[in-house]
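User: I have a model open here and would love a close look at one part of it. Could you pick a buried spot, walk me through its surroundings, and then set it in the wider chain?

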Amino acid sequence: MPGTIRILDGGMSRELLRLGAELRQPEWSALALMEAPDIVRRVHAEFIEAGAEVITTNSYALVPFHIGEQRFREQGPALIDLAGRLARQAADSNSGRKVLVAGSLPPIFGSYEPERFDPSRVQGYLEVLVAGLAPHADVWLGETLSLIAEGEAVRQAAAATGKPFWVSFTLADEVGAEDGEPQLRSGESVADAAAWAAGSGAEALLFNCSRPEVMGKAVRVARDVLRERQSDLEIGVYANAFEEQEEDAAANETLHGTREDLTATAYSRFACDWAEAGATLIGGCCGIGARHIHDLAAALGR
(Lines give C-alpha, C1' and ligand atoms only; values in the text may rest on other atoms or scores of the structure.)
Protein backbone atom coordinates (compact mmCIF):
# COMPACT_ATOMS: atom_id res chain seq x y z
CA MET A 1 0.00 0.00 0.00
CA PRO A 2 1.36 3.41 -0.93
CA GLY A 3 2.53 6.01 1.53
CA THR A 4 1.82 6.33 5.21
CA ILE A 5 -1.87 5.92 6.02
CA ARG A 6 -3.40 8.29 8.56
CA ILE A 7 -6.62 7.15 10.20
CA LEU A 8 -9.53 9.56 10.47
CA ASP A 9 -12.43 9.20 12.89
CA GLY A 10 -15.94 8.06 12.00
CA GLY A 11 -19.44 9.50 12.06
CA MET A 12 -20.44 11.49 15.13
CA SER A 13 -24.23 11.22 15.20
CA ARG A 14 -24.75 7.44 15.53
CA GLU A 15 -22.06 7.28 18.20
CA LEU A 16 -23.80 10.05 20.13
CA LEU A 17 -26.99 7.99 20.01
CA ARG A 18 -25.17 4.83 21.09
CA LEU A 19 -23.79 6.59 24.16
CA GLY A 20 -27.17 8.01 25.17
CA ALA A 21 -27.42 11.48 23.62
CA GLU A 22 -30.67 12.60 22.03
CA LEU A 23 -30.79 13.67 18.40
CA ARG A 24 -33.72 15.37 16.75
CA GLN A 25 -34.29 17.59 13.81
CA PRO A 26 -33.52 20.29 13.05
CA GLU A 27 -30.61 20.62 15.52
CA TRP A 28 -29.26 17.11 14.93
CA SER A 29 -25.75 16.62 16.36
CA ALA A 30 -25.67 20.25 17.53
CA LEU A 31 -28.20 19.25 20.20
CA ALA A 32 -25.55 17.21 22.00
CA LEU A 33 -23.39 20.31 22.38
CA MET A 34 -26.32 22.05 24.04
CA GLU A 35 -27.49 19.18 26.24
CA ALA A 36 -24.74 16.54 26.55
CA PRO A 37 -21.26 17.92 25.79
CA ASP A 38 -19.62 15.22 27.91
CA ILE A 39 -20.95 12.62 25.47
CA VAL A 40 -19.44 14.54 22.56
CA ARG A 41 -16.06 14.38 24.31
CA ARG A 42 -16.55 10.64 24.95
CA VAL A 43 -17.20 10.01 21.25
CA HIS A 44 -13.97 11.80 20.36
CA ALA A 45 -12.11 9.75 22.98
CA GLU A 46 -13.52 6.45 21.72
CA PHE A 47 -12.46 7.21 18.16
CA ILE A 48 -8.95 8.03 19.37
CA GLU A 49 -8.86 4.78 21.35
CA ALA A 50 -9.98 2.95 18.19
CA GLY A 51 -6.98 4.33 16.31
CA ALA A 52 -8.01 7.70 14.87
CA GLU A 53 -5.09 10.05 14.31
CA VAL A 54 -7.36 12.91 13.20
CA ILE A 55 -10.64 13.80 14.90
CA THR A 56 -13.19 16.25 13.53
CA THR A 57 -14.98 18.91 15.56
CA ASN A 58 -18.70 18.43 16.13
CA SER A 59 -19.48 21.69 14.33
CA TYR A 60 -21.16 20.23 11.25
CA ALA A 61 -24.69 21.18 12.37
CA LEU A 62 -23.75 24.57 13.82
CA VAL A 63 -25.20 26.45 10.86
CA PRO A 64 -28.54 28.28 10.42
CA PHE A 65 -29.81 25.37 8.33
CA HIS A 66 -29.91 23.34 11.57
CA ILE A 67 -30.05 25.72 14.52
CA GLY A 68 -31.81 28.68 12.91
CA GLU A 69 -30.58 32.15 12.01
CA GLN A 70 -31.27 33.79 15.37
CA ARG A 71 -29.70 31.04 17.46
CA PHE A 72 -26.69 30.98 15.13
CA ARG A 73 -26.12 34.68 15.75
CA GLU A 74 -26.79 34.58 19.49
CA GLN A 75 -25.39 31.19 20.53
CA GLY A 76 -23.36 30.09 17.53
CA PRO A 77 -19.98 31.53 18.55
CA ALA A 78 -20.10 29.93 22.01
CA LEU A 79 -21.26 26.55 20.64
CA ILE A 80 -18.60 26.58 17.93
CA ASP A 81 -15.93 27.34 20.52
CA LEU A 82 -17.27 24.49 22.68
CA ALA A 83 -17.11 22.06 19.76
CA GLY A 84 -13.50 23.03 19.20
CA ARG A 85 -12.56 22.81 22.87
CA LEU A 86 -14.08 19.35 23.32
CA ALA A 87 -12.12 17.97 20.37
CA ARG A 88 -8.92 19.69 21.50
CA GLN A 89 -9.29 18.31 25.03
CA ALA A 90 -9.78 14.79 23.72
CA ALA A 91 -6.80 15.06 21.38
CA ASP A 92 -4.52 16.50 24.04
CA SER A 93 -5.58 13.89 26.60
CA ASN A 94 -4.06 11.17 24.45
CA SER A 95 -0.50 10.82 25.71
CA GLY A 96 0.51 7.94 23.47
CA ARG A 97 0.56 9.71 20.09
CA LYS A 98 -0.19 13.01 18.45
CA VAL A 99 -3.81 13.46 17.37
CA LEU A 100 -4.78 16.29 15.05
CA VAL A 101 -8.03 18.25 15.30
CA ALA A 102 -9.78 19.01 12.02
CA GLY A 103 -12.11 22.00 12.18
CA SER A 104 -15.27 21.00 10.34
CA LEU A 105 -16.52 23.63 7.88
CA PRO A 106 -19.79 22.17 6.56
CA PRO A 107 -22.02 23.11 3.64
CA ILE A 108 -23.65 26.25 5.01
CA PHE A 109 -26.96 26.00 3.18
CA GLY A 110 -27.68 22.28 3.53
CA SER A 111 -26.09 18.93 2.76
CA TYR A 112 -26.52 17.39 -0.71
CA GLU A 113 -28.19 20.59 -1.93
CA PRO A 114 -25.81 22.40 -4.28
CA GLU A 115 -28.64 24.47 -5.72
CA ARG A 116 -28.99 26.30 -2.38
CA PHE A 117 -25.43 27.60 -2.38
CA ASP A 118 -25.34 31.40 -2.14
CA PRO A 119 -21.89 32.89 -2.82
CA SER A 120 -23.05 36.33 -1.70
CA ARG A 121 -23.82 35.12 1.84
CA VAL A 122 -21.54 32.18 2.50
CA GLN A 123 -18.51 34.03 3.86
CA GLY A 124 -20.52 35.74 6.58
CA TYR A 125 -21.34 32.35 8.07
CA LEU A 126 -17.98 30.70 7.45
CA GLU A 127 -16.23 33.60 9.20
CA VAL A 128 -18.10 32.79 12.43
CA LEU A 129 -17.12 29.12 12.24
CA VAL A 130 -13.49 29.90 11.45
CA ALA A 131 -13.21 32.43 14.28
CA GLY A 132 -14.64 30.00 16.85
CA LEU A 133 -12.64 26.96 15.78
CA ALA A 134 -9.31 28.64 15.00
CA PRO A 135 -7.90 28.45 18.55
CA HIS A 136 -8.48 24.69 18.62
CA ALA A 137 -8.06 23.31 15.08
CA ASP A 138 -4.82 22.09 13.51
CA VAL A 139 -6.30 21.85 10.02
CA TRP A 140 -9.47 22.99 8.28
CA LEU A 141 -11.78 20.39 6.78
CA GLY A 142 -14.39 21.61 4.34
CA GLU A 143 -16.55 18.51 4.22
CA THR A 144 -19.57 17.05 2.43
CA LEU A 145 -19.27 19.78 -0.19
CA SER A 146 -21.46 19.20 -3.24
CA LEU A 147 -19.88 21.59 -5.72
CA ILE A 148 -16.52 23.13 -6.46
CA ALA A 149 -17.72 26.62 -5.51
CA GLU A 150 -18.24 25.40 -1.94
CA GLY A 151 -14.63 24.29 -1.89
CA GLU A 152 -13.51 27.69 -3.11
CA ALA A 153 -15.56 29.36 -0.36
CA VAL A 154 -13.79 27.24 2.27
CA ARG A 155 -10.42 28.10 0.74
CA GLN A 156 -11.18 31.80 1.01
CA ALA A 157 -12.50 31.54 4.56
CA ALA A 158 -9.48 29.60 5.83
CA ALA A 159 -6.79 31.55 3.97
CA ALA A 160 -6.17 34.27 6.56
CA THR A 161 -5.58 31.77 9.41
CA GLY A 162 -2.41 30.32 7.93
CA LYS A 163 -3.56 26.80 8.86
CA PRO A 164 -3.60 24.04 6.23
CA PHE A 165 -6.93 23.14 4.70
CA TRP A 166 -8.39 19.93 3.33
CA VAL A 167 -11.39 19.85 1.03
CA SER A 168 -13.80 16.92 0.90
CA PHE A 169 -16.52 16.46 -1.71
CA THR A 170 -19.57 14.23 -1.53
CA LEU A 171 -20.26 12.13 -4.63
CA ALA A 172 -23.35 11.22 -6.59
CA ASP A 173 -24.10 7.73 -5.28
CA GLU A 174 -25.65 6.47 -8.50
CA VAL A 175 -22.70 7.41 -10.75
CA GLY A 176 -19.24 5.97 -11.07
CA ALA A 177 -19.44 2.65 -9.28
CA GLU A 178 -19.03 0.73 -12.55
CA ASP A 179 -19.07 2.35 -15.98
CA GLY A 180 -19.99 5.97 -15.29
CA GLU A 181 -17.48 8.67 -14.53
CA PRO A 182 -17.59 9.74 -10.87
CA GLN A 183 -19.32 13.06 -10.21
CA LEU A 184 -19.99 15.43 -7.36
CA ARG A 185 -23.63 15.82 -6.38
CA SER A 186 -23.68 19.02 -8.44
CA GLY A 187 -22.95 16.99 -11.57
CA GLU A 188 -19.42 18.38 -11.84
CA SER A 189 -16.82 15.73 -12.56
CA VAL A 190 -14.35 14.42 -10.02
CA ALA A 191 -11.66 15.17 -12.60
CA ASP A 192 -12.62 18.85 -12.60
CA ALA A 193 -12.74 18.92 -8.80
CA ALA A 194 -9.27 17.37 -8.63
CA ALA A 195 -7.94 19.87 -11.14
CA TRP A 196 -9.35 22.72 -9.04
CA ALA A 197 -7.92 21.23 -5.84
CA ALA A 198 -4.47 20.90 -7.41
CA GLY A 199 -4.30 24.66 -7.84
CA SER A 200 -6.17 25.67 -4.70
CA GLY A 201 -3.42 25.45 -2.12
CA ALA A 202 -5.20 22.62 -0.31
CA GLU A 203 -3.05 19.93 1.29
CA ALA A 204 -5.56 17.13 0.75
CA LEU A 205 -8.52 16.21 -1.46
CA LEU A 206 -11.02 13.84 0.10
CA PHE A 207 -14.36 12.24 -0.71
CA ASN A 208 -16.95 11.64 2.00
CA CYS A 209 -20.57 10.90 2.88
CA SER A 210 -21.24 8.71 -0.13
CA ARG A 211 -21.54 4.96 -0.63
CA PRO A 212 -18.27 3.01 -0.31
CA GLU A 213 -18.87 1.52 -3.74
CA VAL A 214 -18.38 4.85 -5.56
CA MET A 215 -15.24 5.91 -3.72
CA GLY A 216 -12.58 3.73 -5.32
CA LYS A 217 -13.09 5.02 -8.83
CA ALA A 218 -13.12 8.61 -7.58
CA VAL A 219 -9.77 8.04 -5.86
CA ARG A 220 -8.28 6.62 -9.04
CA VAL A 221 -9.55 9.48 -11.21
CA ALA A 222 -8.28 12.06 -8.72
CA ARG A 223 -4.93 10.27 -8.45
CA ASP A 224 -4.43 10.37 -12.22
CA VAL A 225 -5.36 14.06 -12.49
CA LEU A 226 -3.04 15.00 -9.64
CA ARG A 227 -0.18 13.04 -11.18
CA GLU A 228 -0.70 14.79 -14.50
CA ARG A 229 -0.49 18.13 -12.72
CA GLN A 230 2.50 17.04 -10.63
CA SER A 231 0.54 17.77 -7.48
CA ASP A 232 1.47 16.19 -4.15
CA LEU A 233 -1.99 16.55 -2.58
CA GLU A 234 -2.96 13.69 -0.32
CA ILE A 235 -6.15 11.84 -1.20
CA GLY A 236 -8.63 10.68 1.42
CA VAL A 237 -11.89 8.80 1.81
CA TYR A 238 -14.51 8.52 4.53
CA ALA A 239 -17.69 6.88 3.26
CA ASN A 240 -21.10 6.56 4.90
CA ALA A 241 -23.19 3.52 5.75
CA PHE A 242 -26.55 4.84 4.61
CA GLU A 243 -29.06 2.52 3.04
CA GLU A 244 -29.83 3.31 -0.59
CA GLN A 245 -31.76 6.57 -0.84
CA GLU A 246 -33.84 8.34 -3.41
CA GLU A 247 -31.71 10.34 -5.84
CA ASP A 248 -33.10 13.68 -4.62
CA ALA A 249 -32.90 12.87 -0.88
CA ALA A 250 -31.38 15.49 1.41
CA ALA A 251 -28.77 14.35 3.91
CA ASN A 252 -30.45 15.50 7.11
CA GLU A 253 -34.19 15.26 6.51
CA THR A 254 -34.53 12.34 8.90
CA LEU A 255 -32.54 9.54 10.53
CA HIS A 256 -31.53 7.42 7.58
CA GLY A 257 -31.22 3.69 8.05
CA THR A 258 -27.78 2.10 7.91
CA ARG A 259 -26.72 -0.97 5.99
CA GLU A 260 -26.57 -4.25 7.86
CA ASP A 261 -24.11 -5.66 5.32
CA LEU A 262 -21.53 -2.92 5.95
CA THR A 263 -19.90 -4.56 8.95
CA ALA A 264 -16.56 -3.43 10.30
CA THR A 265 -14.90 -6.24 8.36
CA ALA A 266 -16.66 -5.36 5.11
CA TYR A 267 -15.83 -1.68 5.48
CA SER A 268 -12.19 -2.56 6.10
CA ARG A 269 -12.07 -4.32 2.73
CA PHE A 270 -13.16 -1.11 1.05
CA ALA A 271 -10.55 0.81 3.05
CA CYS A 272 -7.79 -1.49 1.81
CA ASP A 273 -8.94 -0.94 -1.78
CA TRP A 274 -8.83 2.84 -1.32
CA ALA A 275 -5.33 2.59 0.11
CA GLU A 276 -4.20 0.48 -2.84
CA ALA A 277 -5.65 3.13 -5.16
CA GLY A 278 -3.61 5.85 -3.48
CA ALA A 279 -5.64 7.18 -0.53
CA THR A 280 -3.58 8.02 2.55
CA LEU A 281 -6.31 9.56 4.73
CA ILE A 282 -9.00 7.00 5.55
CA GLY A 283 -11.87 6.97 8.03
CA GLY A 284 -15.66 6.92 8.09
CA CYS A 285 -18.68 9.18 7.90
CA CYS A 286 -22.34 8.71 8.92
CA GLY A 287 -22.99 5.28 10.41
CA ILE A 288 -19.32 4.30 10.60
CA GLY A 289 -18.56 3.84 14.26
CA ALA A 290 -15.59 3.26 16.53
CA ARG A 291 -15.63 -0.48 15.84
CA HIS A 292 -15.28 0.17 12.10
CA ILE A 293 -12.36 2.52 12.74
CA HIS A 294 -10.67 -0.01 15.02
CA ASP A 295 -10.89 -2.75 12.41
CA LEU A 296 -9.82 -0.63 9.45
CA ALA A 297 -6.85 0.70 11.43
CA ALA A 298 -5.81 -2.90 12.09
CA ALA A 299 -6.35 -3.88 8.46
CA LEU A 300 -4.23 -0.96 7.26
CA GLY A 301 -1.42 -1.82 9.65
CA ARG A 302 -1.88 1.20 11.91
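Analyst: Happy to! Let's begin with histidine 292, and please keep in mind that this is a predicted model. Leaving aside residues up to four places away in sequence, histidine 292 touches Leu262, Thr263, Ala264, Tyr267, Ser268 and Gly287. The histidine itself belongs to helix α11, which covers residues 290–299. Is histidine 292 buried or exposed? Its relative accessibility is 13%, and because buried means under 20%, histidine 292 counts as buried.

From here we can step to another buried position, alanine 52. Among the residues that alanine 52 touches is Ile293, and residue 293 falls within the 290–299 span of α11. Alanine 52 sits in a loop, the one between α3 (37–50) and β2 (54–56). With a relative accessibility of 0%, alanine 52 also counts as buried. Besides Ile293, its contacts include Ile7, Leu8 and Asp9, together with Phe47, Arg97 and Val99; residues up to four places away in sequence are again not counted. Glycine 10 is worth finding too: 42 residues separate it from alanine 52 along the chain, yet their C-alpha atoms are 8.4 Å apart.

Now for the wider chain. Contacts between residues at least 6 apart in sequence join residues at least 24 apart in 78% of cases. Buried residues account for 61% of the 302 in the chain, and both histidine 292 and alanine 52 count as buried. The radius of gyration is 17 Å, which agrees with the value near 19 Å that a compact globule of 302 residues would have. Along the principal axes, the C-alpha atoms fill a box of roughly 45 × 40 × 40 Å. The chain has 11 helices and 8 strands.

Since we started in a helix, a helix pair makes a good last stop. Helix α6 (residues 122–133) packs with helix α7 (residues 148–159) at an angle of about 50 degrees, their axes lying 10 Å apart. That angle makes α6 oblique to α7, and the crossing of the two is right-handed. On the α6 side, the meeting residues are Val122, Gln123, Leu126 and Val130, and on the α7 side they are Ala153, Val154, Gln156 and Ala157. By type, the residues of this contact divide into 6 nonpolar and 2 polar, with no charged ones.

Note on methods. Residues numbered from 1 in each chain as written. Predicted model: local features only at pLDDT ≥ 70, side-chain atom pairs only at ≥ 80, totals over all residues. Heavy atoms only, no water. Axes fitted to C-alpha atoms, helices over the stretch in contact; angles between N-to-C directions. Helix = DSSP H or I, 4+ residues; strand = E, 2+ residues; numbered from the N terminus. Parallel < 35°, antiparallel > 145°, perpendicular 65-115°, else oblique. Left-handed = near helix turned anticlockwise from the far one by under 90°. Contact = heavy atoms within 4.5 Å. Nonpolar A, V, L, I, M, F, W, Y, C, P; charged D, E, K, R; others polar. Rg over C-alpha atoms; globule rule 2.2 N^0.38 Å. Buried < 20%, exposed > 50% of the residue type's maximum accessible area, 1.4 Å probe, protein only.
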